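Trainee: I am new to this structure and should like to go through it step by step. May I put my questions to you in turn?

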Amino acid sequence: MSDAEKVTFERVMLKISGEALMGDQGFGLHPPTVERIAREVKTVHDMGVEICMVIGGGNIFRGLQGSAQGMERTTADYMGMLATVMNALAMQSALEGQGIHTRVISAIRMDEVAEPYIRRRAVRHLEKKRVCIFAAGTGNPYFTTDTAATLRANEMACEAIFKGTKVDGVYDKDPAKHADAKRYDTITYDEVLAQHLGVMDASAIALARENKLPIVVFSLDEPGGFKGILDGTGTFTTVRD
């Protein structure tokens, strides 16, 4: 390993949205896109970094949308949690196709397809260099997968949350709509909340702030973006105190 590839994190949480798995489709899973993301994860795994993952379910079902259309909120949220399990299984298949041992760990018991969440067992998987994909959110309605990612990152003693998005960091306004949008290199949790920047939901930001857990926002669409943060060549924004 060269000096340029010196690892600055030993254990990280990668949070991606379900929509990231859609590719150019409007719905569902796009297998080539899932495989591309798995290759990105492999480049970081090959550096010796222990990786946790949480994947949203918005490409299949979004609880808030179901609730807005008249469905009972709790039921809609549980349906969203099941969507995250489907995405986790797809990512597990893609990662194992890359030769990476992977465990799907569900907050809702479904023993035929995933392990139940037991913290010490999950930590042991990470120590054995297995990728752990935490599915079904926190197992509770009214909590997003952003909050689930922050909760699991704290429980697993991750050193940072890596939030993969469509853009290469946090901007003061939407860069897709404003050519003069300014990207922050670093920004505080309080500034993110005060400016409603939409990095993660407010509960997740508050939980990260309380535990001094940095959030690194980068572009998942940029090839090598995940690895670039670790080898010092990437473009990203860090949210911290």
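Trainee: Is Ala-149 buried or exposed?

Mentor: In this predicted model, Ala-149 is found in helix H5. Its relative accessibility is 0%, and residues under 20% are classed together. Ala-149 therefore counts as buried.

Trainee: Which residues is Ala-149 in contact with, leaving aside its neighbours within four places in sequence?

Mentor: A separation along the chain is one matter and a distance in space another. Ala-149 and Phe-162, for instance, are 13 residues apart in sequence and 9.8 Å apart in space, C-alpha to C-alpha. With neighbours within four places set aside, the contacts of Ala-149 are Met-13, Lys-15, Val-54 and Ile-161.

Trainee: How many residues line the largest pocket?

Mentor: The largest pocket has a volume of about 980 Å³. Lys-15, Ser-17, Arg-62, Asp-146 and Lys-163 lie nearest its centre. The full count of lining residues is 45.

Trainee: Which element supplies the largest share of the lining of the largest pocket?

Mentor: At least two lining residues come from each of helix H2 (63-68), helix H3 (73-97), helix H5 (145-155), strand E6 (160-165) and strand E7 (170-171). The largest share is five residues, and the element that supplies it is H3.

Trainee: How many residues of that lining are charged?

Mentor: The lining of the largest pocket divides into three classes. Of its residues, 16 are nonpolar and 17 are polar. The charged residues number twelve.

Trainee: How many residues does the largest nonpolar core have, and which element gives the largest share of this core?

Mentor: In soluble globular proteins, nonpolar side chains tend to be buried together. Here the largest nonpolar core has 38 residues, and those with the most contacts inside it are Ile-16, Met-53, Met-91, Leu-95, Ile-133 and Phe-162. Elements that each supply at least two residues of this core include strand E1 (11-16), helix H1 (31-45), strand E2 (50-55) and strand E5 (131-135). The largest share of this core is six residues, from H3.

Trainee: Which residues does Met-91 touch, not counting residues up to four places away in sequence?

Mentor: Met-91 is among the residues with the most contacts inside the largest nonpolar core. Beyond four places in sequence, Met-91 touches Ile-16, Leu-21, Val-34, Ile-37, Ala-38, Met-53, Ile-55 and Ile-133.

Trainee: Is Ala-94 buried or exposed, and which residues does Ala-94 touch?

Mentor: Ala-94 has its place in helix H3, and with a relative accessible area of 12% it is buried. Ala-94 and Ala-38 are 56 residues apart in sequence, yet 6.0 Å apart in space, C-alpha to C-alpha. Not counting residues up to four places away in sequence, Ala-94 touches Val-34, Glu-35 and Ala-38.

Trainee: What distance separates the C-alpha atoms of Thr-237 and Ile-215?

Mentor: Thr-237 lies in strand E11 (residues 236-240) and counts as buried, at 0% relative accessibility. The residues that Thr-237 touches include Asp-168, Arg-183, Ile-187 and Ile-215. Thr-237 and Ile-215 are 22 residues apart along the chain, and their C-alpha atoms are separated by 8.2 Å.

Trainee: What is the phi of Ala-157, and what is that of Lys-212?

Mentor: Most residues other than glycine have a negative phi, and most peptide bonds are trans. Ala-157 lies in the loop between H5 and E6 and is exposed, with a relative accessible area of 54%. Lys-212 lies in the loop between helix H7 (202-210) and E10 and counts as exposed at 61% relative accessibility. Both values are positive: phi is near 60 degrees for Ala-157 and about 50 degrees for Lys-212.

Trainee: Over which residues is the pLDDT below 50?

Mentor: The mean pLDDT of the chain is 93, and 97% of its residues reach 70 or more. One stretch, with six contacts in the model beyond near neighbours in sequence, has a pLDDT below 50. Where pLDDT is low, the predicted coordinates should not be read in detail. The stretch in question is residues 1-5.

Terms used: Residues are numbered from 1 along each chain as its sequence is written. This is a predicted model: local features need pLDDT of at least 70, side-chain atom pairs count only at pLDDT 80 or more; totals for chains, interfaces and linings use all residues. Side-chain values use heavy atoms; hydrogens and water are left out. On a 1 Å grid over the protein atoms alone, a cavity is a set of points where a 1.4 Å probe fits but cannot get out, and a pocket is an open set with protein on both sides within 12 Å along at least five of seven lines; lining residues have an atom within 4 Å of a point. Grid points are joined across faces, edges and corners, and a volume is the space filled by probe spheres set on the points. Helices (H or I, at least four residues) and strands (E, at least two) are DSSP runs, numbered from the N terminus. Ala, Val, Leu, Ile, Met, Phe, Trp, Tyr, Cys and Pro count as nonpolar, Asp, Glu, Lys and Arg as charged, and the others, Gly among them, as polar. A nonpolar core is a set of buried Ala, Val, Leu, Ile, Met, Phe, Trp, Tyr and Cys residues joined through side-chain atoms within 4.5 Å. Buried means under 20% relative accessible area, exposed over 50%, partly exposed in between (1.4 Å probe, protein chains only). Contact means heavy atoms within 4.5 Å. pLDDT is the predictor's confidence in each residue, from 0 to 100.
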